[in-house]
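Here is a short tour of one protein model, with its overall build, its cores and a couple of local spots worth opening in your viewer. Have a look at the fold before reading on.

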Amino acid sequence: METTPNSKLKNIKSFFQSTGYPKKFRKDVHILLNFGYQQSRTSLNAKTQEPTITGRIAEEIEKGLEELDLLPESVLKPHYVVIPENSRIKSTDTNNIKDKFIRLDIVILDNRKRPYRRYVIEGKRLKKKNFSEAVDKYCNIGIKNFIDEIYASDSPEAILVGFWQDENARHWFDEIIQNFTDNEKALSVQDRLIVVKVIPEITDELVSSHQRKSGSKIILFHILLDCQ
């Protein structure tokens, strides 16, 4: 069931005119993200920490790229590489005893030609126990990292994933939308949140655009994934 807010898909092409990655690259990254999530879903629960979630998703994507029969034939598997946005760190998560290392973020690299395209996927945990902190981290840290060019400074678009661990996707979208409304100037919003569907398997997704501190535009896809 789709739980994204009811929003008109007006001017959706304006997000990608003269900016944004080719549609094929964007779609393949969404397919890879969904594949990694689905493959790791049974190992995730409401206690799993965000670095562990992104680490497991990244590992499953790597496996999918190595095993040619796991992913759809349409995905250009030989041309994609998963790299860490930050260096690997030792895991201190008790839910992650078997894993020696975890990744902080996920980056899909398209290595067909230089300059290589890099698609950054940043994740944030959404849990009601730390409600105000969770929404603040998603918007005022997660989004701000892109605006301040800490993440994806050389990329026209990126993905911000909210791993929700209680309530439901609609609840968290409502809170994120409210935060956008209250902090539109601070978040340097150029195009407000609207519903988007890049692939049918990911049903809870919005898209917005923001002005970075350098003046350039970045498109952010907001995806919510159930990690209860």
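Strands here are DSSP runs of E with at least two residues, helices are runs of H or I with at least four, and both are numbered from the N terminus. With that settled, His210 can be placed in strand β8, which covers residues 205–211. Please keep in mind that this is a predicted model.

**Overall build**
- The protein contains 4 helices and 9 strands.
- Followed along the sequence, these elements come in the order α-α-β-β-β-β-β-α-β-α-β-β-β.
- The chain has 228 residues, and 50% of them count as buried.
- Among contacts with a separation of 6 or more, 69% link residues that are 24 or more positions apart.
- The accessible surface is about 11,300 Å², and carbon and sulfur atoms account for 49% of that area.

**The nonpolar cores**
- The largest nonpolar core is made of 35 residues, and Ile108 and Ile159 have the most contacts inside it.
- Helices α1 (23–40) and α2 (50–66) each supply at least two residues of this core, as do strands β1 (80–83), β4 (106–110), β5 (117–126), β6 (157–164) and β9 (217–226).
- The top contributor to this core is α1, with 7 residues.
- Another core, of 28 residues, lies apart from the largest one; Val107, Trp172, Ile176 and Val195 are among its members.
- Leaving out residues up to four places away in sequence, Ile159 touches Val29, His30, Leu33, Tyr119, Val120, Ile121, Glu122, Phe146, Phe221 and Ile223.

**Helix α4**
- Helix α4 spans residues 169–182, 14 in number, and its first and last C-alpha atoms are 20 Å apart, close to the 20 Å expected at 1.5 Å a residue.
- At the start of α4, a side-chain oxygen of Asn168 comes to within 3.2 Å of the backbone nitrogen of Arg170.
- Which residues of α4 are buried? They are Ala169, His171, Trp172, Phe173, Ile176, Asn179 and Phe180.
- An α-helix has 3.6 residues a turn, so residues three or four places apart point the same way.

**A closer look at His210**
- His210 counts as buried because its relative accessibility is 0%, and the cut-off for buried is under 20%.
- The side chains of His210 and Ser208 are joined by a polar contact of 2.8 Å.
- Beyond its neighbours within four places in sequence, His210 is in contact with Ile143, Ile147, Phe180, Leu187, Ser188, Val189, Gln190, Ser216, Lys217, Ile218 and Leu220.

Terms used: Residues numbered from 1 in each chain as written. Predicted model: local features only at pLDDT ≥ 70, side-chain atom pairs only at ≥ 80, totals over all residues. Heavy atoms only, no water. Expected span 1.5 Å × (residues − 1). Buried < 20%, exposed > 50% of the residue type's maximum accessible area, 1.4 Å probe, protein only. Polar contact = N/O pair within 3.5 Å; in protein donor to acceptor, adjacent residues only side chain to side chain. Contact = heavy atoms within 4.5 Å. Areas by Shrake-Rupley, 256 points an atom, 1.4 Å probe, with all protein chains shown as cover. Core = buried A, V, L, I, M, F, W, Y, C linked by side-chain atoms within 4.5 Å.
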